[in-house]
Amino acid sequence: MKEKTTKKRNLNESLKRLNQIVSWFENDNELDVEKGLELVKEGAEIIKNSKERLKEIENEFTEIKKKI
Amino acid sequence: MLIENGKSDKIKMLSNEILTVSKYLDVVNAGLKSVSAKVLGEISGIQEYPGRSYMYYSVKDTKDGSTIKCFMWKNDYKISGVTLREGLEVILTAYPAIYKPNGGLSLQVEQIELVGEGALQLAYERLKKKLESEGLFSSDRKRELKEYPEKIGIITSKSGAVIHDFLSNIGKFGFQIQFVDSKVEGQDAIKDLLSAVATLKKANIDMLVIMRGGGSLESFQAFNNEALVRAVAEFPVPVITGIGHDKDAPLVSLVSDKNVSTPTAVANILNSSWGDALAEVRFAEEKFFSNFQTLLREKQFVVGNAGAEMEGRFNSIFETFRKSEEAMSQALSKIDFVLGGVFKTIERSKKDIEKGFGGLLSQFEEQMVQSVRFIQQQSPEQQLKRGYSIVKIGKMVVRSSKSVQKGDDLEVFLSDGIIEVKAQ
């Protein structure tokens with residue numbers, strides 16, 4: 001279920017989530033290893049999907065006729 | 001065509017069919033549409049007919065006074081962005097038509113343009129001031145561009161270098177580009193641009209891009225058009241303009257959410273966030289993996305420390321226990337020792353008591369024996385055996401001669417018998 005949610009996320013949301021994960025590691029003084037592992041797993045999935053999205057992808061070009 | 005090759009004086013019948021006036025005028029008007037032209041003249045006799053959808057005015061040749069009546073839809077007038085006044089010199093884009101109810105010929109005006117750089121400049125300044133006072137160019141109105149745009153609507157000319165430059169510079173990030181070809185030069189472009197904007201208004205896009213290359217103020221007229229400016233201001237998603245200009249910024253570029261001057265710059269704006277995103281992903285990846293490693297190391301250290309701590313504590317407990325055991329053992333030995341001493345003392349005391357008591361008994365016994373012996377020795381019988389005798393008068397022992405009188409019967413007790421005598 002979680003994986004699906006991650007895949008559905010757009011890049012903007014993914015980057016926000018990654019930043020949240022980074023902040024969690026940087027700001028929380030009492031870090032929980034279990035929680036950290038969970039976040040690393042989630043982050044790894046987001047990174048994988050984000051990199052996939054940021055690969056070179058050909059643009060689609062469509063010409064639309066004007067509707068008068 | 002009524003006139004073949006435009007020069008021929010040979011009139012050609014359309015057909016042998018007999019037409020009604022109405023039908024004939026329809027055919028003529030259809031033909032007249034093809035002689036659309038740009039007509040230069042001076043405005044006169046403006047009739048606006050408030051509340052109606054059309055208006056009339058005349059256009060007059062300034063040299064010889066030739067005049068023709070003009071018909072214009074108010075919507076087209078509005079779109080043209082020119083405010084008509086008596087004597088204003090204009091160029092009308094129009095075609096002739098015969099008004100069927102009275103057979104009068106008039107020009108059907110589609111577009112009005114101002115003539116001359118000065119007039120254009122003046123109109124530009126006026127409109128700019130008006131729109132500015134409405135707050136249309138205010139920075140508060142500018143919308144944030146979508147951070148990672150994917151669906152881009154583009155309006156520009158298909159034939160210009162602009163679209164080529166844009167497509168050469170846009171990164172391959174999977175953009176879905178919906179392109180609408182439009183005229184971008186001169187007053188003619190207004191309707192085209194408005195139509196293109198209206199088309200993309202209904203499309204599913206993240207942002208709209210309107211581009212064209214540089215040119216004179218006159219060639220930019222469409223981009224200073226009030227209707228177009230308002231259409232851009234009201235566009236549902238952010239608009240980027242890439243309209244090159246020399247001096248005065250076209251009003252459309254002032255109202256757009258982001259304005260740059262070249263198609264390459266527009267492409268760079270669209271590319272930038274995607275390029276940054278990749279760097280951001282890599283940074284985040286490095287950051288939290290390293291942070292997690294640090295966390296793990298810290299926890300391992302804590303666990304290791306806890307182990308050592310526990311071991312130390314256990315050892316300390318064992319040590320205490322060992323010491324207690326040793327102390328207990330020593331205490332027990334001591335107690336044992338003390339008890340041994342106590343037992344010995346008791347034993348000794350017992351012996352002493354026994355010994356002392358025994359001695360005492362013997363002594364007592366001896367004393368008893370001696371006492372018995374003494375008593376025996378001191379007994380009258382013993383005394384009698386030694387030769388002593390006891391004299392009694394009756395039952396009374398005579399201890400003095402004075403207690404004896406003459407004639408008393410005395411009994412002399414000897415060890416082996418009694419002698420009865422009479423005192424004399």
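**Exercises on a sheet shared by two chains**

In this predicted model, B:Gly242 stands opposite B:Val260, a residue of β10(B).

**Exercise 1.** Determine how β9 and β10 of chain B pair, and over how many bridges.

*Solution.* Start from strand β9 of chain B, which covers residues 239-243, and recall that B:Gly242 faces B:Val260 in β10(B). The two strands run in the parallel sense, and three bridges join them.

**Exercise 2.** Place these strands in their sheet, and explain why β1 of chain A and β10 of chain B each have one side without a neighbour.

*Solution.* First write down the order of the open sheet, whose six strands follow one another as β1(A)-β7(B)-β6(B)-β8(B)-β9(B)-β10(B), with parallel pairing. Next look at the edges, where β1 (60-63) of chain A and β10 (258-260) of chain B stand; each has a single partner strand, so one side of each is left without a neighbour in the sheet. Finally, note that from one strand to the next the twist averages 20 degrees.

**Exercise 3.** Find where the strand from chain A joins a strand of chain B.

*Solution.* β1(A) pairs with β7(B) in the parallel sense over four bridges, and within this pair A:Phe61 stands opposite B:Ile177.

**Exercise 4.** Describe the side of chain B that touches chain A, by element and by residue class.

*Solution.* Begin with the contact itself, to which chain A gives 30 residues and chain B gives 32. On the chain B side, β7 (176-181), α5 (189-201) and α8 (263-378) each supply at least two residues, and α8(B) gives the most, with 15 residues. Sorted by class, this side of chain B has 19 nonpolar, seven charged and six polar residues.

Methods: Residues numbered from 1 in each chain as written. Chains lettered and ligands numbered in written order. Predicted model: local features only at pLDDT ≥ 70, side-chain atom pairs only at ≥ 80, totals over all residues. Pairing = 2+ DSSP bridges. Axes fitted to C-alpha atoms, helices over the stretch in contact; angles between N-to-C directions. Contact = placed C-beta atoms within 7 Å. Nonpolar A, V, L, I, M, F, W, Y, C, P; charged D, E, K, R; others polar.
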